[in-house]
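Reader: I am a first-year student, and I would like to take a close look at the aromatic rings of one protein chain. Could you go through them slowly, and then place them within the rest of the chain?

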Amino acid sequence: MSGVVPVVPLRSSNGTETECTSPSRKVVVAVPVRTTLPTTEITAAAVAPVEDRRTGAQDGGGSGEGGDGGTQENLDADPDIPATAGHPGGTTAIAELTSVTETTESPATPRIEIIDHPRNVSLTVADHTDTTVDLAVDADNSESWTIHRSTSSGFSPDSGNQVASISSGGAQTYTDTGLTQGKIYYYKAVATNPAGSTATSEVSQTTNGPAPTFGSLTVVDDSGDGHADAFDCDFTRGGSDEDHLEIRGSIDNGSSFSQLGTDQTPDTTQYTTPEQDDGQEYVLKVTAVYPDTESDSGTLTRTTDPRDLSQDDITPVDTSVEDQLRIPNPGVADYGDYRGQLRVTNSGDAYGSDVVVAYDGADLVFTGLPDGEKFDLQGRHETEHVNGVWAGVSAITLLPQPGDVQVASIQATQATITWDDTADNEDDILIERRREYADGFGAYEEVVVKAANATQHVDDTIVPGVTYQWRVSNRTEHVVSRATTAQATSNSIRPSNAAPIWVVGRSRHTQCRYTAHTAYRRLPPARPQRQRPRTGHDPSPERRGLGLRCLHRRPRSGVARWQAPPHRPTR
């Protein structure tokens, strides 16, 4: 301790020890006063001043009346004793002697003890449970303790928040009981001695919150759609002061959790979560939420079902683009991917050419496929944890029709048909033709089958003066792709301004005459019996490449008539 401690003047009547206090310390002064005097009579008083950080006594002197040897000391604390010359205040000893025996002795040494406030105060939490907190205190110079508690930080200790009083100083312990589970408490302790009081720093402690018990966890189909993607949870609370319970799930193997569903009252024992992601693995736990803390149960791990696709989920397959097939994104899952595979139908090959898209991504598109080929396709939903079942369908790639089909040239009995080769996988090319009649075009009839990659055909089976259309088709075993020419009319044999040419032919029963456009046959007289009219007769048949035209009449007995010959289509 540096400097001089201010001391209040003291006076003692008989003792050798007294005390005084400064504003921050307690000072105890012990002043044994022994006087050594010659055998003379002393009438004056001996004065000895006492100052802080000094030892020893000053001998007094003077004269007085003698008597028997003896000493009397008076050291009462009297602040009213004035300072005298050479003695600026302090502790003054006054001795009155009546008889003195001459003695020689060394002066006694006064003793000064300074008592400070409690120092080195400390407060620590030794232990705690769900309803108790164990505290330990310690300090120098303490004679007693008070313990204070609050639920708010930064409080000031006073009688309103005092929870305990300890009558002993130094190192002590205290257990605070009857506390709320899962709540934070703040503590301070105050050490006291005659010099004053000193408070410790604030410490805090949260009581334990007992954890719930997670009994069982089941993946269930809560919506009745045949797909299990919700969790049925059974659990039991562990404490008595919970605010509520929560079901929490993790999709990153327990690194982070989020609440599944809503808060549950503390006495709830069963809860079914809302539907979760399809085919996702979840780590679940039950969390008890207390006023100032949380407590978790153990964890359980389950995986929701993937989506099992149906044929309706992967149809219709888009075949409108050459060399590719497109399966629509099924759009039924909310997590994971869709995988598609294909193989040539009836090939016996394994499925391959995998295409994978996100559950909310694009369609599954297979490219680089041959034209007009039939494929088996399958698709499924899958995640990193589980796979769904395959759904299958078949589809045929687009076989493009021949391009730019036209009649390059046409004469009376011959036409040249050309086209562009547009396919890369055709088996052959079919050429068909139809002709125009008075009431419209007839049906297409096969003319010829050309080899794959052909681009031209010369048709020499047409007749003069007839309008035709040709159709050219790429073909595979699975599909036919057709393209049609514009109409084209073959040239007539005779000039347009020439007279009809008659050709007459006879037989035993029939006389015929022909022109370039007509042919008639003379029938023999009909028999007496009545004949039914012919039906379904083609009024414009072909015969030997010549157009035949006639009237259909009911036969009359003995009367000759003209009738067209039977229909024999020309191939």
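Author: What follows begins with the aromatic rings and then moves on to the strands, the nonpolar core and some details of the backbone.

Please keep in mind from the start that this is a predicted model. As a general point, a pair of aromatic rings is described by the distance of the centres and the angle of the planes. In this chain the count comes to 2 aromatic pairs. One of them is formed by Phe231 and Tyr282, whose ring centres lie 5.4 Å apart and whose planes make an angle of 70°. The pair is called edge-to-face because its angle is over 60 degrees. Along the sequence these two residues are 51 residues apart, and the pair links distant parts of the chain, with Phe231 in strand β17 (residues 230–236) and Tyr282 in strand β21 (residues 281–289). Phe231 has a relative accessibility of 0% and therefore counts as buried, and Tyr282, at 4%, counts as buried as well.

The other pair joins Tyr468 and Trp470, with 5.7 Å from centre to centre and 40° between the planes, and this arrangement is described as tilted. Here too you can check the surroundings of each partner: Tyr468 counts as buried because its relative accessibility is 3%, and Trp470 is buried with a relative accessible area of 0%.

Aromatic rings can also be looked at together with charged side chains. The charged end of Arg471 sits over the ring of Tyr444, 4.0 Å from the centre of that ring. In another place, Lys188 lies over the face of Phe155, and the distance to the ring centre is 5.3 Å.

To set these rings in context, it helps to look at the chain as a whole. Its secondary structure comes to 0 helices and 44 strands. The chain has 571 residues, of which 37% count as buried. If you take the contacts in the chain with a separation of 6 or more, 63% of them are between residues 24 or more positions apart.

How do two of these strands, β30 and β31, pair? Strand β30 (residues 403–410) and strand β31 (residues 415–420) run in the antiparallel sense and are joined over 5 bridges. The two strands form a hairpin, with 4 residues between them. Within this pairing, Ser409 stands opposite Thr416, which belongs to β31.

Another part worth following is the largest nonpolar core, which holds 18 residues, and in which Leu325, Phe366 and Leu377 touch the most other members. Several strands give two or more residues to this core, namely β24 (325–327), β25 (337–344), β26 (352–358), β27 (364–366), β28 (374–382) and β29 (391–396). The largest share, 3 residues, comes from β29. Leu325 shows how such a residue is surrounded: leaving aside its neighbours within four places in sequence, Leu325 is in contact with residues including Val317, Leu364, Phe366, Phe375, Leu377 and Ile396.

A polar side chain can be followed in the same careful way. Ser481 is found in strand β37 (residues 480–484), and with a relative accessibility of 10% Ser481 counts as buried. Its side chain reaches the backbone nitrogen of Gln401 at a distance of 2.9 Å. Beyond its neighbours within four places in sequence, the contacts of Ser481 are with Leu399, Pro400, Gln401, Pro402, Val472, Ser473 and Asn474.

Finally, some places in the backbone deserve a second look. Most residues other than glycine have a negative phi, and most peptide bonds are trans. Against that background, the peptide bond from Thr315 to Pro316 is cis, with omega near -5°, and Pro316 is found in the loop between β23 (300–303) and β24. Asn120, although not a glycine, has a positive phi of about 55°. This residue lies in strand β8 (residues 119–128), and at 60% relative accessibility Asn120 counts as exposed. Asn141 is likewise not a glycine and has a positive phi, of about 70°. Asn141 is found in the loop between β9 (133–140) and β10 (144–150), and its relative accessibility of 33% makes it partly exposed.

How values were computed: Residues numbered from 1 in each chain as written. Predicted model: local features only at pLDDT ≥ 70, side-chain atom pairs only at ≥ 80, totals over all residues. Heavy atoms only, no water. Phe/Tyr/Trp six-rings, centres within 6.5 Å; stacked < 30°, edge-to-face > 60°. Buried < 20%, exposed > 50% of the residue type's maximum accessible area, 1.4 Å probe, protein only. Lys NZ or Arg CZ within 6 Å of the ring centre and 35° of its normal. Pairing = 2+ DSSP bridges. Core = buried A, V, L, I, M, F, W, Y, C linked by side-chain atoms within 4.5 Å. Contact = heavy atoms within 4.5 Å. Polar contact = N/O pair within 3.5 Å; in protein donor to acceptor, adjacent residues only side chain to side chain.
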